[in-house]
Amino acid sequence: MLALPAPPARLEGVRPHFCPRKPLRAQTLTSKKGQSAAPTSTCCFRSRQQLSQPVCQLSSTTNAESQHEQHLKSNLGQAALFSFAFAPLAVALPTCFGHGGRDGSGAGGGGGDGDGDGSGGSGHGDKSGTNVIADIAEEDDDDDVEEEDEEDEEDEEEDEDGVEEEEEQDEEEVAEKRSRSRRKAEVVEEDDDDMEFDDDDVDLAEDQFKCSTVVAEGLPKGVGIPTEDELFAPLQCQPNFPASRKEVSMDLKTLLQTGLFDAVNAQVVPNHRTGKSQVRFLFKEKVWPELESFKVKPSGKQGTLLIPDNVVAKVLKTKVRGPSGMASLAAIKNVVEKWYHDHGFVFAFIRDFEGMDSGNVTANVVEGKVNKVNVVYVDDNGNAKKNGGETPKEVVERELPFQEGNLYNTDDGRKALRDIFALNLFENVQVMPKPNQKDDSKVDVDVMVKERPMKTADVDLSWGLAPNSNGIPLPADKFPGGSLTFENRNLGRRGDQFSASITSENFLQPIDDVGFKADYKRSYVRGTSDKLKTSLEGMVFNNRKTSGVFNSAIEEVPMVWVDRLGLKLGLHETHTRNSKASYGFVLEEVTTRDEQGSVVSTGRKASPTGGLMRDGPPTTHSSKGRDRVLFLQGNVTRDATHYVNGTPVGSRNQFTAEQSLGLGIMPFFNKHSVSLTRFIQIMPKKFPRPGSRLPPPVLVLHSRYAGAVGDLASYDLNTLGGPYSVRGYAVGELASARRVFEGAVELRVPVPKLNTHAYAFLEHGTDLGSSKEVVGNPTAYFRKPGSGSSAGVGVKLSAIRTECIWDNNTRKRAFWAHFGERF
């Protein structure tokens, strides 16, 4: 048996160490093109052993070493990251083992002389050194005896006359073998260099043997206490690889340097059948006086820590009376590190403990500061580009919430991922923090980005859907419409974005109906130090849409189209993660036209004689069917929703306002609206189940109020009805008024196997009696009810909502299909 005694006098300088939690050493956040950055961000923490490979590669010193030595160094490298926190496994303490030279002069605390490799004993200056015992058990001799006993039993069946004589001979041979085994096990070698392994037990040259397994005996177990894998990771003796007496001795020293054990012994147990040997380490736990006081301090420097005093005081409140051991240190570690990890500081850990011998314990804490941030551009295969990317690194760096010298927090990693992805410049973003290889108190962060194509052109074809008289959605046009879009996401290599699109409802005859839109966006117009991340957004547009004001569900009404040609310029601010605001001005020319494209100034409907009645409400503020309007526009959104398996949970509030400037020749009005929506998760403790992709049940409560005062034109009236208002009705079918109010309740329940929602809803809308305040009263002229309710059920399949709705006004049922979310 190999034994290295560790007298307390030799371990006064050792500070007990524990490693940080394995799962909390690194974080990887990934978002890909086509996914929403907020709900799909996932968050992933790598263990030390996953991070150890680069350390192993950087630790390689020569290529001329043998394959065996290279593998041993590789195994040591795989444990290098573990030793960051388990520092005594990597830091030699000369006061423990003499640290003597080849001449045998030791420098131990008690003054013993060391042997040739520097291991000092506990003597008082004599040349004897440390007594090292070689205990090689002969368990296989017993196996040989059992095999011989089995042979004897077979012989007994063949020849019963010689049974007694053979049994006596076998017993004598068994006794002789066991005696010889005991004599071998009692061999004591006084010098480590003279340690011997019996050739019958270990048939390898130079005192080598092949290790089969490495086991621990006497090692305490519990939450936070190092496991066998953690303790054995940096050792040279590893399963299924050759080992030697010297390496076992070095491993004993390594284990003693943890400061957690009074003594560590080693036992090599050979197995003749396999030709391998098992290495057993026998531990004797070190015990300190009872914990009297406890405090924390920054490791290696002056300053303050984030952890509150009440959390530190919790250590003494939860301590177990009696002597302190590894379990007591693990309990301290679990309290302190748990607070940091729960608050996102995943690189914080206790480096070591002071004052264990007095009971006044101080924990040296590392919190994990950002040392360096690297922006890495990768190609399609995930390899770093040598020449960087097309987007300047400054565009990415200005979106990072963490800087050098700040503590790294996982929330900052998620925020960086979300903000970088929101630039619309990258199709894949990864934030990968890792411990600095030279200083484990520092964190290096790699931001890996894969750029999207900077210039793209897309062509989209589409058919519009409209319900027929039975409520069945059918194509609204015979010919397809669509759009042609061009994008430049990095205009001038500054991160500015420009896009232009042309749309038509009829691609075969686009000249009849052409719309266009050009957008420009420039971020950080107030400088990169702007905390609001103010961006300038400009747009030139020309679009044509049908008006929900001039229609009726009761009688036939000619369609009225509203053309808008204008310019919009504004600023967009991000106040917090959930709060955004935008404001600017809009200058536009609005023209109302009929189906042939002619300008119309009044609403029309069919007369009893078959003609058209042109005595309807005016379509524009002027009498010419064309208005020019200049107004200010503002929007404030507070969106505190988050996604649980693809469904939103939380709250969303929105306020918008438009104020025209009039200027004597333009209409003067004010429009405003307030929308409140709540997504309430039902039974959050039961849904979703761990590992399930099924969305949870959700109750949705929604209300919206919209109002207007002043010279409001008919085309800008607030309408009731439609897929995004009161479902079951066409757009504007219920009312066109100055003020409207709508409310909705929806219950969403999960659908197994489909991983989607089925839902039931009830909605109601009213014009609050304000329709009569509108010039020409479109609600009364087109015989709209002014209010209405609906109820229905539906199921969401991908982006399509398929619904069966009952119209409470007419008591009829209809089927509808819509794209996108209702709320």
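This section describes a three-stranded sheet, the helix lying across it, and the cysteines C211 and C237 in a predicted model.

The strands β8, β10 and β9 form an open sheet in that order, and the pairing within the sheet is mixed. Its edges are β8 (residues 293–298) and β9, each of which pairs on one side only. From one strand to the next, the twist averages 30°.

Strands β8 and β10 are parallel and share six bridges; in this pairing K297 faces N364 of β10. On the other side, β10 (residues 360–366) runs antiparallel to β9, to which it is joined by five bridges. Here F353 is placed opposite A363 of β10. The hairpin made by β9 and β10 has five residues between the strands, and G355 adopts a positive phi near 75° in this hairpin. Although β9 is an edge strand, six of its six residues, 349–354, are buried.

Helix α11, comprising residues 326–342, lies across β8, β9 and β10. The helix runs at about 145° to β9.

With a disulfide taken as two cysteine sulfur atoms within 2.5 Å, the model contains zero disulfides. For C211, the nearest cysteine sulfur belongs to C237 and is 6.0 Å away. The sulfur of C237 likewise has that of C211 as its closest cysteine sulfur, and at 6.0 Å the two are too far apart for a bond. C211 is classed as buried because its relative accessibility is 0%. C237 is also classed as buried, because its relative accessibility is 0%.

Definitions and conventions:
Residues are numbered from 1 along each chain as its sequence is written. This is a predicted model: local features need pLDDT of at least 70, side-chain atom pairs count only at pLDDT 80 or more; totals for chains, interfaces and linings use all residues. Side-chain values use heavy atoms; hydrogens and water are left out. Buried means under 20% relative accessible area, exposed over 50%, partly exposed in between (1.4 Å probe, protein chains only). Helices (H or I, at least four residues) and strands (E, at least two) are DSSP runs, numbered from the N terminus. Two strands pair if DSSP finds at least two bridges between them. Axes are lines fitted to C-alpha atoms, for helices over the stretch in contact, and angles run from 0 to 180 degrees between N-to-C directions. Contact means heavy atoms within 4.5 Å.
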